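Hi,

Here is the structure I promised to pass on. Have a look at it first, and my notes follow below.

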Amino acid sequence: MNWEKKDIDPNVVRSMAQQYGCTPLVASILLRRGIAEGSEAFFHLENDLRYVHNPFLFVNMEDAVDRILDAKEEGERVLIFGDRDVDGITAVTVLYEALTDLGIPTTWRIPTGDEPYGLSCEAVDAHEADGGTLIITVDCGISNIQEVAYAAEKGIDVIVIDHHTPQDTLPDAAVIINCKVPGSGYPNEHLSGCATAWKVVTALRFGLLDIYKQQICLLNVRPVNDAFAVEAIHTVNLVETARITETIIPGMVPFSDTRLGRFLQGQQIFVWDKELQLKQLEKVFGKSVEFYVSDFRLECAKIAPQLAEMSLLRLKNLSRIGKYNDTPMSELDGFFNIFITLIQQAHNIYGEKEKRELQLVALSLLADLMQLTGENRILVKQGLAAINAAPRAGLSELMIKQGLIGKHIGTNDIAWNITPVINATGRMGKPETAIRLFLEQNAAVRNELADAVIAMNEERKELGKAGWAIAEPIARESLAKYREKLTVVVSDKIHRGITGILSNRLADKFNVPSMVICIMEDGTAVGSLRSARGYRVLSLPEAYPDFFLDYGGHSFAAGFSLMQEKLAPFLKKVQEFTAAIEFDENSENSPLSIDAELPHDYLTPELLTVHDTFEPYGEGFPALQFAARGIKLTAASIMGKTQPQHLRLTFDCGTYKWTAVYWQAADKLNVEFKIGDSIDAVFTLSRNTFNGNTVPQMVIQDMRKTGTGI
């Protein structure tokens with residue numbers, strides 16, 4: 001395997017380190033990963049919830065908040081309808097806890113057994129019979145056009161909270177909150193369903209505050225040579241809605257000839273240092289124009305008195321956001337920044353309750369393979385921090401049974417030991433068990449539910465083994481039929497709950513997209529699609545929408561159902577479709593990218609600090625890969641209970657001896673290298689916990705004897 005370490009400009013590294021207040025090693029890693037702009041570096045180096053996007057950037061968020069608050073006011077019965085996977089389970093939990101906490105009569109429902117994905121007319125009927133008047137879908141609903149229309153006929157409003165890619169036609173719902181809907185207004189298209197539901201929850205709590213919907217104007221006057229710049233921002237719900245700047249020479253332009261009158265009319269106006277600002281306004285417009293303003297410094301003094309003594313110029317220079325700006329922050333921007341920060345602190349917008357909820361949000365973002373870019377990084381960081389500090393009810397029991405208590409929990413621990421277990425409940429047709437686990441107040445009952453969840457995961461593993469034995473040879477044979485670009489498995493012997501697992505595994509094995517379809521007893525066929533080599537698999541069902549009862553998903557993972565009589569003509573169309581499938585061949589045989597080559601004195605346990613700085617790792621942001629040359633292999637042993645295929649190694653790196661694991665490499669020992677050799681290696685980092693002791697560990701990606709060349 002080839003190794004690649006991108007050349008970077010040391011002058012740029014030094015400049016970034018100085019600007020962002022990080023080490024040169026961290027700056028060099030950012031640069032090698034193509035993260036040179038401050039707006040991108042920001043989300044890799046900061047983790048404060050102050051910097052996540054405002055939920056009211058969704059253009060429909062006020063409508064969603066108002067409809068739910070109306071339900072609270074009128075005592076309406078609300079149904080939350082979710083999906084059966086980790087994302088749906090966590091979304092239902094987060095929203096249910098929030099609505100019941102507000103005193104709203106709320107029930108929840110989720111597809112069980114062989115029920116299809118998405119809102120059903122049966123669920124609408126049941127809610128109507130229960131006297132319900134509002135349904136909120138989470139992690140589903142964007143494709144339920146007929147079901148939403150059916151609910152409307154029954155006089156039931158529907159709020160769709162979803163993140164799946166919409167079809168051309170949207171449901172005629174009361175409100176749609178979906179970051180992938182064109183014109184949603186939201187800047188992050190990679191929210192999970194649970195993260196989207198959490199955005200609604202935080203907006204809903206804001207909707208209970210006196211400041212909700214208030215039109216507030218921030219005004220600042222500053223001298224510019226012989227003139228004054230009068231600048232102002234309109235804000236509603238802490239979102240900037242308009243901005244104006246007028247540069248005026250005193251005595252030259254009457255107030256009535258400026259745009260300021262219309263802009264300030266009807267606004268509650270805040271300034272910083274009222275006495276100074278009124279003096280400067282008087283210089284600009286004279287004494288005949290009166291301005292009614294409030295001094296925000298007085299509000300600041302209640303929370304952060306040390307900041308209230310500073311000027312806006314000083315505040316903007318101290319801003320953490322400001323140091324990441326690629327262009328200088330203005331005084332008005334600094335004012336807006338401190339305004340948001342202090343309002344959030346005054347009302348405890350992101351308190352302990354929200355951080356507990358973020359544990360589930362983090363699970364959903366990782367389980368649904370959302371891109372770990374932008375605010376998603378902060379959401380997962382905060383969720384992981386909360387899990388490590390005090391895992392919430394339900395999650396704690398699962399962690400105990402998975403042997404995770406006392407360990408430092410990272411993204412790998414979640415991906416390998418938590419999300420598959422929760423997902424198993426949906427795959428086995430009993431996702432309600434996981435929701436009950438998270439909602440249950442009695443610890444003894446939670447323990448029993450956790451046992452049931454673990455048992456379902458073991459059953460899922462056995463089904464997976466049996467399903468693989470069926471699917472693998474069918475997939476291999478199907479390659480020729482589908483032009484070596486797709487594997488297709490159709491069987492009535494595969495459990496519908498493992499079609500996604502099998503299609504993912506087949507895509508990995510054959511390195512082409514994979515489709516696994518199970519034949520149901522009710523006359524339908526249910527399938528899963530998974531991507532390989534970067535191909536957008538959702539384009540396949542989008543090409544033939546008339547075949548399906550429903551379909552949906554993401555660019556690289558999709559699901560669908562159709563009547564069995566349509567299966568044969570659909571597969572014939574799929575054969576034709578494969579002619580148009582093209583892969584990015586540049587992704588094949590790509591070299592092993594090295595984030596940093598380290599001298600021996602850097603190879604100490606403190607390297608974990610750098611590793612942790614760049615957590616979370618996952619979709620779109622793989623774990624850091626370090627290289628080291630000339631480290632001595634002092635010990636090696638083969639490990640593996642049933643199949644001894646792996647190596648445990650020890651390296652002498654000078655000041656510290658590292659343990660390492662090298663997966664699937666037992667056959668390399670004494671062939672490509674041996675004990676006593678000087679080694680060049682590429683590795684990631686992990687923590688190895690045994691008997692309560694945690695030590696850093698290398699995970700070897702590739703290694704060779706020193707001198708054989710990179």
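Let's start on the outside: Ile249, Met252 and Val253 make a nonpolar surface patch of about 280 Å². (Patch residues have over 30% relative accessible area and no salt bridge, with nonpolar side chains joined within 5 Å; a salt bridge is a Lys or Arg side-chain nitrogen within 4 Å of an Asp or Glu carboxyl oxygen; areas are Shrake-Rupley with a 1.4 Å probe.) Met252 sits in the loop between β9 (239-248) and α9 (260-264), and is exposed at 59% relative accessible area. Exposed means over 50%, buried under 20%.

Before going on: this is a predicted model, where local features need pLDDT of at least 70 and side-chain atom pairs count only at pLDDT 80 or more, while totals for chains, interfaces and linings use all residues. Residues are numbered from 1 along each chain as its sequence is written, and side-chain values use heavy atoms, without hydrogens and water.

Now the inside. The largest nonpolar core (buried nonpolar residues joined through side-chain atoms within 4.5 Å) has 152 residues, and Leu379, Phe626, Phe651 and Ile700 have the most contacts inside it. Helix α8 (residues 193-206) gives the most to this core, nine residues. A second, separate core has 37 residues, among them Val489 and Leu506.

Finally, helix α24 (residues 567-577; helices are DSSP H or I runs of at least four residues). Its buried residues are Leu567, Phe570, Leu571, Val574 and Phe577. Seen down the axis, they fall within an arc of 105° (taken from axis to C-beta directions), so they line one face of α24. Ala568 and Lys572 are exposed on the face turned away.

Cheers

Note on methods:
Buried < 20%, exposed > 50% of the residue type's maximum accessible area, 1.4 Å probe, protein only. Helix = DSSP H or I, 4+ residues; strand = E, 2+ residues; numbered from the N terminus. Patch = residues over 30% accessible without salt bridge, like charges linked within 9 Å, V, L, I, M, F, W, Y side chains within 5 Å.
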